[in-house]
Amino acid sequence: MGSATLFTGVDVHFSIPYPSHSTKFSSKPFSVRCKSSSSSSKSPPKSQPKPTLSDSDQTHPQSPSLSEQLKPLSKTILTGDISGRPHLVSKPKSTWINPTKPRPSVLSLQRHKRHNYSYNPQIRDLKLFAKKLNESESESDDEGEFLAVLEQMPHPPTRENALLLLNSLKPWPKTYLFFNWIKTQNLFPMETIFYNVTMKSLRFGRQFQLIEELAEEMISTGVELDNITYSTIITCAKRCNLFDKAVKWFERMYKTGLMPDEVTYSAILDVYAKLGKVEEVLSLYERGRASGWKPDPIAFSVLGKMFGEAGDYDGIRYVLQEMKSLGVQPNLIVYNTLLEAMGRAGKPGLARSLFEEMVGSGVVPDAKTLTALVKIYGKARWARDALELLERMRSNGWPMDFILYNTLLSMCADLGLVEEAENLFEDMEKSEHCRPDSFSYTAMLNIYGSGGNVDRAMQLFDEMSERGVAINVMGCTCLTQCLGRARRIDDLVKVFDVSLARGVKPDDRLCGCLLSVVSFCEETQDVNKVLSCLHQANPKLVAFVNLLGEKKIGFETFKEEFRIILTDTAVEARRPFCNCLIDICRNRNHLHERAHDLLYLGTLYGLYPGLHNRTAKEWCLDVRSLSVGAAHTALEEWMATVSKIVRREEALPEVFSANTGTGTHKFSQGLASAFASHVKKLAAPFIQSEEKAGCFVATRKDLVSWVQSKIISPAAVV
């Protein structure tokens, strides 16, 4: 059968895999439109709407350039603006694609060849002269002095001599001055390599503006920009956090017909990852893989870090599977990145397995590896694993730095490991390079403060003064809490005054600590001393504390004053402030009504979002985020509400429960015992659950009988 010419519009839809699971990926469709000529006598061409072309696209309408071929990539995938994208009126028909014609490659699999320097017999003299230039005191703003030194050049500035000197200069201002001086001499044409060497020096100084000016100069003068040029521009923009600039220059590569090599491709993957554009990163990765690219450990490190910051465990697992399928052995950088990612994803068990795999493969962990693992164990409260890791670190002689020591101390503070912390602190004192600093002392103050070892905590505080170690606001907070619990108010005032004199600026956490001390002070004199300290840090808060006892203040005025306090307080400190204020009211017998007002307002302003949980079968009171006084107040409010429902004979669930939680910290006292005492005081029919610690349960029958035998109101119950 004879064949005739066929001209058909091909609309192909690809799916971008996204590793939401290890083997299944969600898809985001995008279109690749291309034109092909074939033969058929029975398939007349169908008219297709022509897409709008830019001016650059219309320059060569009959021979599409590489930028046109990659237009779906540079115009739809790599840009963040989707407002201008055309919308399909109807679902396009699927079209057969010739498998013998692969998709256009998006990168070059051959790295750009470095320039081979020819032997220069004058190299020794020029190296000595470059050293003289590097050691000179002239700076970028002293151009005259620098040019005067250049007059002493031992040999004429030929192309080879100039390039050798340019490559030997270390400070970027001198490199830039020498480059401009070469241009003014007009001794030879300025080639790409001169610009590349200068740009690399500027990149060390994070001088992106100068690099971009040189790139624009290359374009205007017709000097070719190669892969090294673009890679330098993109990586400098990345270091300067100018990610949009990096994307701009990457897209320009395709428009000019230049394929990025593996180095540039990995760099732009990191740029898109830092921008949080996960789908774009995966699109680039998949298209690179389809082009035959075998990613190196750096590229996988970028993917692992991206998924880790998102807490996406499935994405992390996808990276590990890809590396395994390609036979890429992770290096130390990749392992560190993946361990940090596991920590963010909340997978301590998998992090431990990955660490064992790393050690088993012969990769020696560094301080960064161990720091990441210690943080994971501390966050998961895996005390035994943390201690085993600490013993392995000592027995294997693994490296330890400041950050690792302080992370270990912080972990010991969180887990209540006093003896281990003291041994670590002693090791730091004996070390030549990791002497205890402010954060080290803060961790120890936290440990002794949590354990109630007031004397040792005060010894450390005095030791800090003697050794000239600055105390920070966290250390002051830990010591203040410790002294407050021990009722050593005079020492508390001394520590506060000394800390302020040393430059400590009180924050909301320290103010909340002082407010907490006020709540359990029994003597009026002690209360006034603590309020005097608090007044120096937050006078508005002290004024509101004094307002609690004003009976003439109406509820609306009280509500507005409380709202102002919350507005001026950091979000994470608002609930602790409210808890402490309720405790203050509870400890003053005549202010119980104010305690209920504060609980109501705290609930109104969203400070206790999970306080009440109701289902058809169970009503639950969750007081785990409340202080003791606030929990007592919440229980009274809850029982008063239930009493009203019983009297109205409305439907009630079968089970009522109150959850106080159990303190996971070694020194944590928890709410359970205090809550149980208050339940007993109210004679409420709640009993502690045998199956779940920190949970109190009552049946509907028992609670209704209790309500009918006793009338409860929030104002009457104490």
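**Salt bridges and burial in a predicted model**

Student: Is Arg594 buried or exposed?
Tutor: The relative accessible area of Arg594 is 10% in this chain, which is a predicted model. The cut-off for a buried residue is under 20%. Arg594 therefore counts as buried.

Student: Which residue forms a salt bridge with Arg594?
Tutor: The closest N and O atoms of the pair are 3.6 Å apart, and a salt bridge requires a separation within 4 Å. The partner is itself buried, at 17% relative accessibility. The residue that pairs with Arg594 is Asp597.

Student: Arg594 and Asp597 are three residues apart in which helix, and about how many turns separate them?
Tutor: Both residues belong to helix H30, which covers residues 592-604. Because they are three residues apart in that helix, the separation is about one helical turn.

Student: How many salt bridges does the structure hold?
Tutor: Side chains of opposite charge can pair when their charged atoms come close. The Arg594 and Asp597 pair is one such salt bridge. The count for the structure is 25.

Student: How far apart are the closest N and O atoms in the salt bridge of Arg159 with Glu191?
Tutor: Arg159 lies in helix H5 (residues 159-168), and Glu191 is in the loop between helix H6 (172-185) and helix H7 (192-204). The pair therefore ties together parts that are 32 residues apart in sequence. Despite that spacing along the chain, the closest N and O atoms of Arg159 and Glu191 are separated by 2.6 Å.

Student: Does Glu191 count as buried, partly exposed or exposed, and why?
Tutor: Glu191 has 32% relative accessibility. Buried would need under 20% and exposed over 50%. Glu191 therefore counts as partly exposed.

Student: Which residues do salt bridges that share partners join into one network?
Tutor: Arg159 has already been paired with Glu191. Salt bridges with shared partners bring in one further name, Glu160. The network consists of Arg159, Glu160 and Glu191.

Student: Which residue forms a salt bridge with Lys540?
Tutor: The closest N and O atoms of this pair are 3.4 Å apart. Lys540 is in helix H27 (residues 539-547), while its partner sits in the loop between helix H28 (555-567) and helix H29 (571-587), 28 residues apart, so distant parts of the chain are linked. The partner counts as partly exposed at 47% relative accessibility. The residue is Asp568.

Student: Which residue has its C-alpha atom 6.0 Å from that of Arg586?
Tutor: Arg586 is found in helix H29. With 10% relative accessibility, Arg586 counts as buried. The other residue is 43 residues away along the chain. That residue is Gly629.

Student: What distance separates the C-alpha atoms of Phe250 and Thr264?
Tutor: Phe250 has its place in helix H10 (residues 243-255), and counts as buried at 0% relative accessibility. Thr264 is 14 residues from Phe250 along the chain. Their C-alpha atoms are separated by 8.4 Å.

Student: Leaving aside its neighbours within four places in sequence, which residues is Thr477 in contact with?
Tutor: Thr477 lies in helix H23 (residues 473-485). Its relative accessible area is 8%, so Thr477 is buried. Beyond its sequence neighbours, Thr477 is in contact with Arg509, Leu510 and Cys513.

Student: What is the phi of Arg487, about how many degrees?
Tutor: Arg487 is located in the loop between H23 and helix H24 (489-501), and counts as partly exposed at 42% relative accessibility. Arg487 is not a glycine, yet its phi is positive. The value is about 65 degrees.

Student: What is the phi of Arg206, near how many degrees?
Tutor: Arg206 lies in the loop between H7 and helix H8 (208-221). Its phi is a positive value in a residue other than glycine. That phi is near 55 degrees.

Student: Which residues form a positive surface patch?
Tutor: One member, Lys368, lies in helix H17 (residues 367-380). Patch members have over 30% relative accessible area and no salt bridge. The patch is formed by Lys305, Arg344, Lys368 and Lys375.

Student: What share of the residues of the chain counts as buried?
Tutor: The chain has 33 helices and seven strands. It exposes about 37,400 Å², with carbon and sulfur atoms supplying 51% of that area. Of its 718 residues, the share that counts as buried is 46%.

Key: Residues numbered from 1 in each chain as written. Predicted model: local features only at pLDDT ≥ 70, side-chain atom pairs only at ≥ 80, totals over all residues. Heavy atoms only, no water. Salt bridge = Lys/Arg side-chain N within 4 Å of Asp/Glu carboxyl O. Helix = DSSP H or I, 4+ residues; strand = E, 2+ residues; numbered from the N terminus. Buried < 20%, exposed > 50% of the residue type's maximum accessible area, 1.4 Å probe, protein only. Contact = heavy atoms within 4.5 Å. Patch = residues over 30% accessible without salt bridge, like charges linked within 9 Å, V, L, I, M, F, W, Y side chains within 5 Å. Areas by Shrake-Rupley, 256 points an atom, 1.4 Å probe, with all protein chains shown as cover. Lys, Arg positive; Asp, Glu negative; His and termini not counted. Charge placed at Lys NZ, Arg CZ, Asp CG, Glu CD.
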